[in-house]
Amino acid sequence: MSRVRADEEEYWHSSKFRAFTFDDEDDELSQLKESKRAVNSLRDIVDDDDDDLERVSWSGEPVGSISWSIKETASGSTSSLDGRDSSLQKGTSSYAALPKQPSSYSLSSLFKGEVRFLCATHLCLSLSALTDTGVKNYAPELRRPKAEYKDYSSDWSPKDTVRRMQRGKVCSLERFRSLQDKLVLLDEAVAGHDGNVITAVLIFLKRTLRREILFRELEVRQVALCHLIHFLRETGEQKFLLDLLRFLDRTEEVALSQYREHLNIQDVEKRREFLKGCIGLPFSAEDTSHIQDHYTLLERQIIIEANDRHLEMAGQSELFRKYPRKASILNMPLVTTLFYSCFYHYTEAEGMFSSPTNLKKTFKIPDKQYVLTALAARAKLRAWGDVDALLTTKNWLGYTKKKAPIGFHRVVEILQRNNAPVQVLQEYVRLVEDVETRLNLATKYKCHDVVIETYRDLKDRVQLTAYKSKVERGSAEEEKIQSILGNMVRNVYS
Amino acid sequence: MAAHLSSGRVNLTALREAGRRELREFLDKCAGSKAIVWDEYLTGPFGLIAQYSLLKEHEVEKMFTLKPGRLPPADVKNIIFFVRPKLELMDIITDNVLREDRGRSPQRDFHILFVPRRSLLCEQWLKEQGVLGSFIHREQYSLDLIPFDADLLSMESESAFKECYLESDQTSLYHAAKGLMTLQALYGTIPQIFGKGDCARHVANMMIRMKREFPGSQNSIFPVFDTLLLLDRNVDLLTPLATQLTYEGLIDEIYGIQNTYVKLPPEKFAPKKQGEGGKDLPTEPKKLQLNSAEELYAEIRDKNFNAVGSVLSKKAKIISAAFEERHHAKTVGEIKQFVSQLPHMQAARSSLANHTSIAELIKDITTSEDFFDNLTVEQEFMSGIDTDKVNNYIEDCIAQKHPLIKILRLVCLQSVCNSGLKQKVLDHYKREILQTYGYEHILTLNNLEKAGLLKPQTGGRNNYPTIRKTLRLWMDDVNEQNPNDISYVYSGYAPLSVRLAQLLARPGWRSIEEVLKMLPGPHFEERQQLPTGLQKKRQQGENRVTLVFFLGGVTYAEIAALRFLSQMEDGGTEYIIATTKLINGTTWIKSLMEKLEPAPF
């Protein structure tokens, strides 16, 4: 225990205040200012043609650099510096004016349709596959580098084959017919560490081996296995991937991999259904509860959204009229949803799905988080009464007491950020326990009464006298200070 | 343009020159006028190899960015696509080719240059779309290691760490090994190889294998490097998570440096002439190149930010004094002398102006309350305080919905500094994060767990204090102005990775065997035989040259720490740094996050 204390002591004296500070604040700042001043004064002396020194366009791109030139040449003015400005306005370049192809399809969606087709049917790395006979005639020109022919030979060893593939040459894999040959080839590829080649060999094996055999062999070849998993993930071959993971008994990964899919589902109803299906998956214990929560949350959001959209459209609710919703609540995080519900549905009974208390119960939101969120929402609406009620607890005798699980300094911060009037602020500043923090906050937000009372309780005459200069002359506060100071004197002499 | 590359101990201009030669050779293969269609990601790295002028000399008349749709109507004979081997890019190319007007005359020839490797998959993909036959030349340009500065090389392979540790895809290691082979071809065989970590072991194995398989590669160049040190990023997961406190590190943390360029908010770089002020206030970000070609930047980049102000003010005085000289110039000769110095002085002045502005921008942030609080928590964790319970500040940040990456950085840092979190603490953070930022982030949290950044403590043992004490990772008496230890780069924390490099040079790893065993992966030493004629006879007092290769990324603060060691008077070792990617905590965590939006293109 005492050791801990000593450690703490040491810490407070050593590390805490070493955090990033300029040792001599003013001096450091003035140094910067000084060099700034010097620089500025020199501007008068030197002509402003330093752009010629090192030619840079305003965006800082050195003239002649590649990225600068892309803009330059694309806009049609190849070299003239005068074209600089126009090149910066991308809209004027002839390129941008071209009709844009709608590109909303995602990569994965593209993969889903075509890769399977590609891999399952055609991806063979044999020479015959690379000849043009099979090529559809879309291309403007059909030419093929002659060079490819001379690289062809039918009897490269597995090692040579891998080495040639590493150099980007085309090789026939079809010759490797026996399982034995194929595995040697795979092992060679793995030993070469070139993912490009490993993947190519794996695709060949995937096409030519029975699933069970492929899985069995990969189980003892971890590196190759990882490559295949990565490949399947990239190309979106979800079913094959799940089969593989199941075979390997990597159930948690199966679960996560399946769960990931929900991100590709745009329609909320479908997404909800999908998440429902995820609940039974073999996640780790704590992940299971998160997935369950995710599903429940979306379910609630769908109900709330339908209701509130209706309410807003009908224009009956004053709240919605006064504070129209900025966005739909669908797919928002839990805390955001809680804020929303504290904002629009604060007074609802617990039985309602949209009521804050219901959310709190359902998702076991900790007190601290709840108070913080509710406070922010009610303060934003300037509902000071609600703020008061939120922080008031009754004991069994019926006495009330103010309590803030987040600390009253945080309460003050939040209220202040929402422009609470001094009278409201003052009440909570007064409740900040730490005297120094209380004084700081009170001074910062001009809660004079709190400052004065605190100094009074501290019997700090000097500070109190000094504070007199900070309040308005002839104000009630000044009078208060006067009378306290008077009392103090009397106390001292009595 | 590239003079700064030759200013160091190893002349990296040779590497750049080799890259340029290869590029020229390819361009000349496609005879006639050409247009290049760029995969935008590549323009940055290529810009470090060649300027537009080089391309123009080889008849490149137009350049475009790769986008779906019809290609712009340029009157050229060749259209060349410069692309990374990515399937989504192949789709765009396919679209471009299919929309080409077949009626136009003369017809345009298509070519593809894959960077850094040709990919069988991509070509197969193009074939399936029916366009493969349209390309006359399909080649690769192995842009493995790009010279960034006199002592810095990067592969700029964004996903290397993710591929190695989440997907067990070691392709980037293969490229690293190939890059090292190229380097050895230019600068001689490196006699000694040390390494720590699984990936390091793999790369060393591949190098040895490649050397064995190409006996012709035995070269007769006198070795420039004495030692190669391969370091896995996962040996030191801690360092990138902490906020870098060097000048360059902070610029990167706050604004992000890409391919030596940084984009800054324009307000502080207002137009110079006062008369014009207000008329055309710039709205585009100000873009600046940052490298050692700029004298002032070379001097301040690696300093702790707290030491930058005083240097800037000293420089200001010197420059002011230099300009004052003009009043004393009386004779024609003196005036001539002054005028001849003017260009240099002007450059110095504009450099000073820029860095004063940048320093002001950074200072606004480093003096903010939140920066201070964040740093305090980081330093608590790194010095081993309260790493085993839920941290208040992190909870507050979650409650206030600070950016998720910031939260993840802190939670991961705490986890690493505690050799994993107690299950209860981990569950608590997870719940708060999911409830506040969305349940779908469960996928990202899983990735972080897989990468070892966020994990439950197993066996109830926390090794970090032992590692911290043995390697002296936390230094209480740090001197930011005149540092005497590498810990100045994080104002107290000495980066583990660099400590390993330092201890390897002196007194050797044998002294820290126990700690090395606590860190993941094997440590090893290999020797590559040199022909007798090439063996080095070291001059008295001559420094050794060590190449430190960070597999999975390196931060600017770590680079600064290694440069500090290079400059130590009795250090005895100079360091050249290579990496798969220049990273900081934010870009690193981002690369591990699950992409929640479908890729937009």
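**Domains, sheets and helix packing in chains A and B**

In this predicted model, the domain assignment divides chain B into four parts: domain 1 covers 3–143, domain 2 combines 148–240 with 496–588, domain 3 combines 247–270 with 284–367, and domain 4 covers 384–462. The centres of domain 1 and domain 2 of chain B, taken over C-alpha atoms, lie 31 Å apart. To the contact between them, domain 1 of chain B gives 15 residues and domain 2 of chain B gives 22 residues.

It is convenient to begin with the sheets of chain B. Strands of a sheet pair through backbone hydrogen bonds, and the pairing may be parallel or antiparallel. One open sheet of chain B is built from five strands in the order 2-1-3-4-5, and its pairing is parallel. The edges of this sheet are formed by strand 2 (60–65) and strand 5 (135–140) of chain B; each has a single partner strand, so one side of each is left without a neighbour in the sheet. From one strand to the next, the twist averages 20°. At one end of the order, strand 4 (residues 109–114) of chain B pairs with strand 5 of chain B in the parallel sense, and five bridges connect the two. A reader who wishes to find this pairing in the structure can start at B:Phe110, whose bridge partner in strand 5 of chain B is B:Phe135.

The loop that lies between strand 4 and helix 5 (120–128) of chain B contains B:Pro116. This proline is joined to B:Val115 by a cis peptide bond, with omega at about 0°. A second cis peptide bond runs from B:Arg506 to B:Pro507, where omega is near 5°. Here the proline, B:Pro507, is again found in a loop, between helix 19 (496–505) and helix 20 (513–518) of chain B. As background to both cases, most peptide bonds are trans, and most residues other than glycine have a negative phi.

Antiparallel pairing also occurs in chain B. Strand 6 (residues 146–149) and strand 7 (residues 152–154) of chain B run antiparallel and are joined by three bridges. Within this pair, B:Ile146 has B:Ser154 of strand 7 of chain B as its bridge partner. The connection between strand 6 and strand 7 of chain B is a hairpin of two residues.

Another open sheet of chain B has three strands in the order 10-11-12, with antiparallel pairing. Strand 10 (257–258) and strand 12 (286–289) of chain B stand at its edges; each has a single partner strand, so one side of each is left without a neighbour in the sheet. Two bridges link strand 10 of chain B to strand 11 (residues 261–264) of chain B, and the two strands run antiparallel. In this pairing, B:Gln258 stands opposite B:Tyr261 of strand 11 of chain B. The loop between strand 10 and strand 11 of chain B holds B:Thr260. The phi of B:Thr260 is near 70°, a positive value in a residue other than glycine.

Turning to the helices of chain B, helix 13 (residues 369–382) packs against helix 15 (residues 404–416) at an angle of about 20°, and their axes are 9 Å apart. Angles under 35 degrees count as roughly parallel, and helix 13 and helix 15 of chain B are therefore roughly parallel to each other. Helix 13 of chain B brings B:Asp370, B:Asn374, B:Val377, B:Glu378, B:Phe381 and B:Met382 to the contact, where they meet B:Lys406, B:Leu410, B:Leu413 and B:Gln414 of helix 15 of chain B. By class, these residues are five nonpolar, two polar and three charged.

In chain A, the domain assignment also gives four parts: domain 1 (158–249), domain 2 (266–365), domain 3 (378–445) and domain 4 (447–493). The centres of domain 1 and domain 2 of chain A, taken over C-alpha atoms, are separated by 45 Å.

A helix pair of chain A completes the description. The axes of helix 9 (residues 158–166) and helix 10 (residues 179–192) of chain A come within 9 Å and cross at roughly 45°. These two helices of chain A, helix 9 and helix 10, are therefore oblique to each other, and the crossing is right-handed. From helix 9 of chain A, A:Pro158, A:Lys159, A:Thr161, A:Val162 and A:Gln166 meet A:Val184, A:Leu185, A:Glu188, A:Ala189 and A:Gly192 of helix 10 of chain A. The residues of this contact divide into five nonpolar, three polar and two charged.

Key: Residues are numbered from 1 along each chain as its sequence is written. Chains are lettered from A and ligands numbered from 1 in the order in which they are written. This is a predicted model: local features need pLDDT of at least 70, side-chain atom pairs count only at pLDDT 80 or more; totals for chains, interfaces and linings use all residues. Side-chain values use heavy atoms; hydrogens and water are left out. Domain bounds come from an automatic or database domain assignment. Axes are lines fitted to C-alpha atoms, for helices over the stretch in contact, and angles run from 0 to 180 degrees between N-to-C directions. Helices (H or I, at least four residues) and strands (E, at least two) are DSSP runs, numbered from the N terminus. Angles under 35 degrees count as roughly parallel, over 145 as roughly antiparallel, 65 to 115 as roughly perpendicular and the rest as oblique. A crossing is left-handed if the near helix is turned anticlockwise from the far one by less than a right angle, and right-handed if clockwise. Contact means heavy atoms within 4.5 Å. Ala, Val, Leu, Ile, Met, Phe, Trp, Tyr, Cys and Pro count as nonpolar, Asp, Glu, Lys and Arg as charged, and the others, Gly among them, as polar. Two strands pair if DSSP finds at least two bridges between them.
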